[in-house]
Amino acid sequence: MKRFILATLGLSLLVAGGCGLDNYAEPKSKLLGQITYNGEPLGLRGTGEAVQLQLYQDGYELRAPIPVYVAQDGSFEATLFDGQYKLVTRDNNGPWVNDRDTTVVNVSGSTEVALEVTPYFTLSDVSLSLDGESLNATFTVNEVVENATIEYAMVLLSNTSFVDDITYSAREDLRDVTVGSAMEISVDLSENEGFKAGKPLFARVGLRTVGADQAIYSQVVRLR
């Protein structure tokens, strides 16, 4: 689910001539964005405002960043006043290299932006399927950053479309992960209440890197 923010930058200004705050119009322009690597969207944790970006605008007395919350498909959206903004990742937040390069965005009306990052690893060839009372997953881990270390991989199941390492109904971790090889994980669902009750099932694969505060994920797949 995309999160919306209301950026009220103008309210922090000193108003000349006795003008009140009522003279300020509501921001109406939209910044629509996607976090990508090599042009491909990245899957992230979308609950709990876990992954955030920050917007800054020069020329104002108030220099506090505007938080922008990222959805689990890597998309983000903000409602802003027209103007030039600087977009950065939050410090030490996300499954990518913490270089915090600035992306300058000129917002006018509806504006789209792709924010390129460098993840430590990516996931490819992901397959998720049900087989009787088991959830089977296969995937390949690809190294992007040399000498990065995998902490563990995980297969996650949820009864809603929100799936991550906090929001799940079943989970299986794998710590012996080999980069570049097809990996397999099976999750026993025979005692899972949501599975037995016939509830909707959504799944994805995640990978946690040592030293990163967040995992990278495959996109969510509906299984039932």
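**Entry 1: getting my terms straight**

Exposed means over 50% relative accessible area, buried means under 20%, and partly exposed is what lies in between. I'm writing that down before anything else, and I'm also noting that this is a predicted model.

My test case was E193, which comes out at 57% relative accessibility, so I put it down as exposed. K196 has 48%, so it goes down as partly exposed.

**Entry 2: salt bridges**

How many salt bridges does the structure hold? I found six. My reminder to self: side chains of opposite charge can pair when their charged atoms come close.

I stayed with E193 and K196, since they form one of these bridges, with 3.7 Å between the closest N and O atoms. Both sit in helix α1 (residues 193-196), three residues apart, which is about one turn of the helix. I then saw that E191 belongs here too: salt bridges with shared partners join E191, E193 and K196 into one network.

Next I looked up D58 and K86, whose closest N and O atoms are 3.0 Å apart in their salt bridge. This pair links distant parts of the chain, 28 residues apart. D58 is in the loop between β3 (52-56) and β4 (66-69), while K86 is in strand β6 (residues 83-89). D58 is partly exposed at 43% relative accessibility, and K86 is also partly exposed, at 32%.

Then came D165 and R208, whose side chains meet in a salt bridge at 3.5 Å, N to O. D165 lies in the loop between β11 (150-158) and β12 (170-174) and R208 lies in strand β14 (residues 202-209), so this bridge ties together parts that are 43 residues apart in sequence.

Are D165 and R208 buried or exposed? I noted D165 as buried, with a relative accessible area of 12%. R208 counts as buried as well, at 16%.

**Entry 3: the nonpolar cores**

I keep in mind that in soluble globular proteins, nonpolar side chains tend to be buried together.

The largest nonpolar core here has 50 residues, and I35 and L55 have the most contacts inside it. I checked which domains feed this core: it draws at least three residues from each of domain 1 (29-116) and domain 2 (121-222).

I clicked on I35 to see what it touches, leaving out residues up to four places away in sequence. Its contacts include L42, L44, L53, V70, F76 and W96. E40 and G74 are among them too.

There is also a second, separate core of seven residues, which includes Y152, V163, F202 and A215.

**Entry 4: two open sheets**

I looked at the sheet of three strands, which is open, runs in the order β9-β10-β13 and has antiparallel pairing. Which strands are at the edges? They are β9 (121-131) and β13 (182-188), each pairing on one side only. The twist averages 20° from one strand to the next. Seven bridges join β10 (residues 134-143) to β13, and I picked out one of the partners: L135 is matched with V187 in β13.

The other sheet I looked up is also open, with four strands in the order β4-β3-β6-β7 and antiparallel pairing. Its edge strands are β4 and β7 (103-107), and its twist averages 35° from one strand to the next. Five bridges join β6 to β7.

K86 turned up again here: its bridge partner in β7 is V104. I've noted both of its roles, since K86 also forms the salt bridge with D58.

Note on methods: Residues numbered from 1 in each chain as written. Predicted model: local features only at pLDDT ≥ 70, side-chain atom pairs only at ≥ 80, totals over all residues. Heavy atoms only, no water. Salt bridge = Lys/Arg side-chain N within 4 Å of Asp/Glu carboxyl O. Buried < 20%, exposed > 50% of the residue type's maximum accessible area, 1.4 Å probe, protein only. Core = buried A, V, L, I, M, F, W, Y, C linked by side-chain atoms within 4.5 Å. Domains from an automatic or database assignment. Contact = heavy atoms within 4.5 Å. Pairing = 2+ DSSP bridges. Axes fitted to C-alpha atoms, helices over the stretch in contact; angles between N-to-C directions.
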